[in-house]
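Subject: Structure handover and notes

Hello,

Below is the structure I said I would pass on. My notes on it follow.

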Amino acid sequence: MVTTPVFWEVVGEVWHYVVAGLALVLSVLASGHAVLRKRDSRAAIAWVGFVWLVPLVGAVLYFTFGVNRIRRQAVLLRGGLERYRAHAKESACLGEELDRHLPAQAAHLKTLARVVGGVVAQPLLSGNRIEPLLNGDEAYPAMLEAIQQARQTVSFETYIFDRDEVGLAFARALGDATRRGVQVRVLIDAAGTRYSWPTILHALRREGVRYARFLPAFALWRLMAMNMRTHRKILVADGRLGFTGGMNIRVGHCLKRRPRSPVQDIHFQVQGPVVTQLQEAFADDWLFTAGESLRGDSWFPKPEPAGRVLARGVTDGPDEDFEKLRWTLLGALSIARDSVRIVTPYFLPDPAVVSALNLAAMRGVQVDILLPSRSNLRFIQWASRAMWWQVLEHACRIWLTPPPFDHSKVVLVDGCWVLLGSANWDPRSLRLNFEYNLECYDAELAGRLEGLVETKLQTAHAVTLQEVDGRLLPARLRDGLARLLTPYL
């Protein structure tokens, strides 16, 4: 039997060999993982060099920060999800219909329709009507009316659901619908419920509304799932009338009430076959969160035409839908011929998107990017400002719109293609969040939104490259340091 002094003497002689062996094994594993998994060769080289230059510590840091556990966790959580597709073959838009609907100068957008179809694997549907609703002053009454008129089903998914006068009005309307015998399902992001205290959940329980929270809590070993939020905004009444866009449920969006923190935004009322795709996205999220399968004609009635807009849902998230929105944006930028107009509250594009914007501008496309002059998240505005020179030096134009803060999210291409929905132009929307957007082909809808953009431009400030380069050194250093955290913002 080895005595204690002898044991520690042996440990003292061999511990450095054990540590060296462990460091070697971890370095080999980390290097192999980086070489096989990293899409960006520069990132792979940087991590491999760091792993071998800083033995053991480098490998530990790589497995902690260098591995995309968020996407892996999302795939593990939702990989086996049975996705429901109702009437997928009905009303699918054929090439001949695109030819009839698109004006001659927008015929090239047929290529974009084919690209997006290949990316999202959803049919482009004809016969839709899409109405813009400005701020909560227009959107909330229409949404409440839809809930009040519902006779069979109401599905409602949102990120923020505040317990203020607006949130309580929605809770009462949802409770009234439940008491009428309507099947009501409400899905709220768990993080989004905490924007107000007390939360809206007690009010929903008091009204008898069936609700669920998206990814509410996890053990420490699943901590990365905290980054996976549903940022989607979907309301569907009786499977026929839908609403989507970027608007949360909070009084700040009602500008006519003069709230303490006013927020401009735009939402959309949707009718026609594409409402089925909104409902499908909700049904998938509800099945994942609550374990209940929503099926049948009450949730998915046979779609009926309501207008002339060609539309298709674009789901995006860190699961099987990873980077579908990013690919859609890259496709639109590469196909644009005349104009690209982007309205977004947060602008932190990755290098590929920056290159696509610059190449479009260099081809002669007029690229206008409208951002709020004063963000509600100052740190993100600092990081964004550190990147502006990258697009300004290649003739893209950046415009700063005056307060109140503009939370609108719209992309317009060549006066005929519209992308609307919940996503921002930042890493959180394009890589981490679950988002929902609609792509639309319609000159009339695009024209109406172009008019809104023109109205914003009348009071906007055009940012110049000289202005960006002329900032004081402390401000440039602050913005640059903020930009280093872009992947995590």
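I start with one residue and work outwards. Glu292 counts as buried because its relative accessibility is 18%, and the cut-off for buried is under 20%. The residue sits in the loop that runs between helix H10 (275–290) and strand E9 (309–316). Its side chain makes a polar contact of 2.8 Å with the side chain of Arg185 and another, of 3.4 Å, with the side chain of Arg210. Setting aside residues up to four places away in sequence, Glu292 touches Arg185, Arg210, Trp286 and Leu287.

Please keep in mind that this is a predicted model. Mean pLDDT for the chain is 88, with 88% of the residues at 70 or more. One stretch to treat separately is residues 219–224, where pLDDT stays under 50 and the model has five contacts beyond four places in sequence.

Overall figures

The chain has 489 residues, of which 54% count as buried. It contains 18 helices and 17 strands. Among contacts with a separation of 6 or more, 82% are between residues 24 or more positions apart. The exposed area of the chain is about 22,300 Å², and carbon and sulfur atoms supply 59% of that.

Two more buried charged side chains

Asp162 is in the loop between strand E2 (153–158) and helix H8 (165–179). Is Asp162 buried or exposed? With a relative accessible area of 7%, Asp162 is buried. Which side chain does Asp162 meet in a polar contact of 3.0 Å? The partner is the side chain of Arg250. Arg250 also appears in the list of residues that Asp162 touches beyond four places in sequence, together with Gly167, Tyr195, Ser196, Ile200 and Ile249. For Ile200, the C-alpha to C-alpha distance from Asp162 is 6.1 Å, with the two positions 38 residues apart in sequence terms.

Lys233 belongs to the loop between strand E4 (211–214) and strand E5 (234–237). Its relative accessible area is 2%, so Lys233 is buried. The side chain of Lys233 reaches a backbone atom, the oxygen of His231, at 3.0 Å. Beyond four places in sequence, Lys233 is in contact with Glu157, Thr158 and Tyr159, with Phe243, Thr244, Gly245, Gly246, Met247 and Asn248, and with His267 and Ser422. Tyr159 is 74 residues away from Lys233 along the chain, yet their C-alpha atoms are separated by 6.8 Å.

Backbone geometry

Most residues other than glycine have a negative phi, and most peptide bonds are trans. The following places depart from that pattern.

- The peptide bond from Trp197 to Pro198 is cis, with omega near 0 degrees. Pro198 lies in the loop between strand E3 (183–189) and helix H9 (201–206).
- Pro403 and Pro404 are joined by a cis peptide bond with omega of about 5 degrees. Pro404 is in the loop between strand E12 (397–401) and strand E13 (405–406).
- Ala395 is not a glycine but has a positive phi of about 80 degrees. Its place is the loop between helix H14 (388–392) and E12. Ala395 is exposed, at a relative accessible area of 53%.
- Asp414, also a residue other than glycine, has a positive phi near 55 degrees. Asp414 is found in the loop between strand E14 (410–413) and strand E15 (417–421). Asp414 is buried, at a relative accessible area of 9%.

Surface

Which residues form the nonpolar patch on the surface with about 360 Å² of accessible area together? They are Phe50, Leu53, Val54 and Val57. Of these, Leu53 lies in helix H2 (residues 41–53). Leu53 counts as exposed because its relative accessible area is 74%, and exposed means over 50%.

To recap the charged residues: Glu292 has polar contacts with the side chains of Arg185 and Arg210, Asp162 has one with the side chain of Arg250, and the side chain of Lys233 reaches the backbone oxygen of His231.

Regards

Conventions:
Residues are numbered from 1 along each chain as its sequence is written. Side-chain values use heavy atoms; hydrogens and water are left out. Helices (H or I, at least four residues) and strands (E, at least two) are DSSP runs, numbered from the N terminus. Buried means under 20% relative accessible area, exposed over 50%, partly exposed in between (1.4 Å probe, protein chains only). A polar contact is a pair of N or O atoms within 3.5 Å; within protein, one must be able to donate a hydrogen and the other to accept it, and residues adjacent in sequence count only if both atoms are side-chain atoms. Contact means heavy atoms within 4.5 Å. Patches are made of residues with over 30% relative accessible area and no salt bridge: like charges are joined within 9 Å, nonpolar side chains (Val, Leu, Ile, Met, Phe, Trp, Tyr) within 5 Å. Accessible areas come from the Shrake-Rupley method with a 1.4 Å probe; for residues, only the protein chains shown count as cover. A salt bridge is a side-chain nitrogen of Lys or Arg within 4 Å of a carboxyl oxygen of Asp or Glu. pLDDT is the predictor's confidence in each residue, from 0 to 100.
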